[in-house]
Amino acid sequence: MTKVKKHGVIFISLLLLLSIFLTFFINLLYSENNKDFNYNKNSFATSYTGLLAQNTLAGNFNVKITSRDNQDINLDTTTPYYDGQAYSIEWSNAEQFTISFNVDENNPPPLNPNNPDNNETYVLSLSVRFLKGYLENNIFEVNETITLENVYVTQETTNYNNFSNLNFSFDIDDGLNGIFGGNSVNISGWGIYQFVVDINGADAYSNYYAITPTSEIANAPEISYNTISSPNSLHDSFQFYLENFDEYEFIDSTCLTWYVKGESEDGTIYALCAEDLEKESFSDCADYLYDSYERTGQTFLFNDDEISGTWQVWCVYKANNSNTSLTSDSIEVKTGFYFNYFIIVYIIIALAVLAIILVIVFAKLKNKKEKVW
């Protein structure tokens, strides 16, 4: 072996020994600096799994809907909706929700972070999500969705199985009151409901429950009204209502629209709102009373905006996505300040009586004064 080859072998051997020494030194230094961290792949995986478990609650809801004759409605058919399944029940038949939650004993809720001294305790809170909408829209996460948080909160308990006997109930017609977006709101009647249970910070979401309004009505609306005196106007207002309200009690009230057409004392023909002028039936109207007006629902308050005239009032019901409509008969009302000439007669009589009394009193006082003299 030549001298050059010997030097090469020695050089390579030294590099190899130096690499081994540096690797050992770096591992030793890293181990000393991180001995309290106790880092390993398995610990990271366990920590990540625990985080997921804390956000997801295992178990199932027990949601009952009671009918108006106090019977449990059979909820046996679901349809796909948004990100889950939905039950559909007619509002005219559904009266009350009752909600409980059964915890999966094989996947219990997380420990209570708010009670470190005895963290094997559990607190359940119930929230309700609500959308005034139809299932065919197939969307829930929109601006119109309302969430009432913590409509019910249990006391701290050591037995999470007690939540299966929760049986929180509320009337569908009256609904629930709460705060949403800083405002007082009420969720009730027809619409889509979803329930959210939170136990020690872990959440579970129920299926969707669509309370559907009545859509098929046999008879046209029958309307009547009451006259309402206004404290700040010489013109009366008129409160219209449905005489066959029972047929229309459980409708989508936005599907019942009221219309007004009238002629003022100067001969101008008016519609109620600006948008009505686009309809063929209002083609003879030259003007309108309001840019917009509250005109949907089972009742309607008509005010003529201080324009005296003769008015025709009627309403039309057209269910959501329907091609047919039902129209009521129209009712005529008159508005304005109408002077009652009998008032003049009453005033004259009152003044005459007052004058006679004053004359008699004056005469008696005069006679009395003359006798003194």
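Over how many bridges do strand β5 (residues 124-131) and β10 pair in the antiparallel sense? The pairing of β5 and β10 spans eight bridges. Here two strands count as paired if DSSP finds at least two bridges between them. Strands (E, at least two residues) and helices (H or I, at least four) are DSSP runs, numbered from the N terminus.

The model is predicted: local features need pLDDT of at least 70, side-chain atom pairs count only at pLDDT 80 or more, and totals for chains, interfaces and linings use all residues. Residues are numbered from 1 along each chain as its sequence is written, and side-chain values use heavy atoms, with hydrogens and water left out.

The protein chain has 20 strands and four helices. Of its 373 residues, 34% count as buried, where buried means under 20% relative accessible area, exposed over 50%, and partly exposed in between (1.4 Å probe, protein chains only). The chain exposes about 24,100 Å², and carbon and sulfur atoms supply 52% of this area. Accessible areas come from the Shrake-Rupley method with a 1.4 Å probe; for residues, only the protein chains shown count as cover. Among contacts (heavy atoms within 4.5 Å) with a separation of 6 or more, 64% join residues 24 or more positions apart.

Strand β10 covers residues 191-199. Eight of its nine residues are buried, so β10 is largely enclosed by the rest of the structure. In its pairing with β5, Val196 of β10 stands opposite Ser127. β10 also pairs with β11 (residues 202-212), again in the antiparallel sense and over eight bridges. Val197 stands opposite Ala204 of β11. β10 and β11 form a hairpin with two residues between them. Asn200 in the turn has a positive phi of about 55°.

An open sheet of three strands runs in the order β1-β4-β7, with antiparallel pairing. β1 (59-67) and β7 (168-171) stand at the edges; each has a single partner strand, so one side of each lacks a neighbour in the sheet. Neighbouring strands are turned by 20° against each other on average, direction ignored. This angle is taken between axes, which are lines fitted to C-alpha atoms (for helices over the stretch in contact), and angles run from 0 to 180 degrees between N-to-C directions. β1 and β4 (residues 94-103) are joined by nine bridges, and Phe61 has Phe101 in β4 as its bridge partner. β4 and β7 pair over four bridges. Thr98 stands opposite Ser169 in β7. Side chains alternate along β7: Phe168 and Phe170 point to one face and are buried, while Ser169 and Asp171 point to the other and are not.

Another open sheet has three strands in the order β12-β13-β17, with antiparallel pairing. Its edge strands are β12 (223-228) and β17 (299-302), each paired on one side only. The twist averages 20° from one strand to the next. β12 and β13 (residues 237-242) pair over six bridges, with Ile223 opposite Leu242 in β13.

A nonpolar core is a set of buried Ala, Val, Leu, Ile, Met, Phe, Trp, Tyr and Cys residues joined through side-chain atoms within 4.5 Å. The largest has 65 residues, of which Phe97, Phe195, Phe240 and Phe302 touch the most other members. β4 gives the largest share of this core, five residues. A second, separate core of seven residues includes Tyr81, Phe140, Ile192 and Ala210. Beyond its neighbours within four places in sequence, Phe240 contacts residues including Ile223, Tyr225, Trp258, Phe300, Phe302 and Val333.
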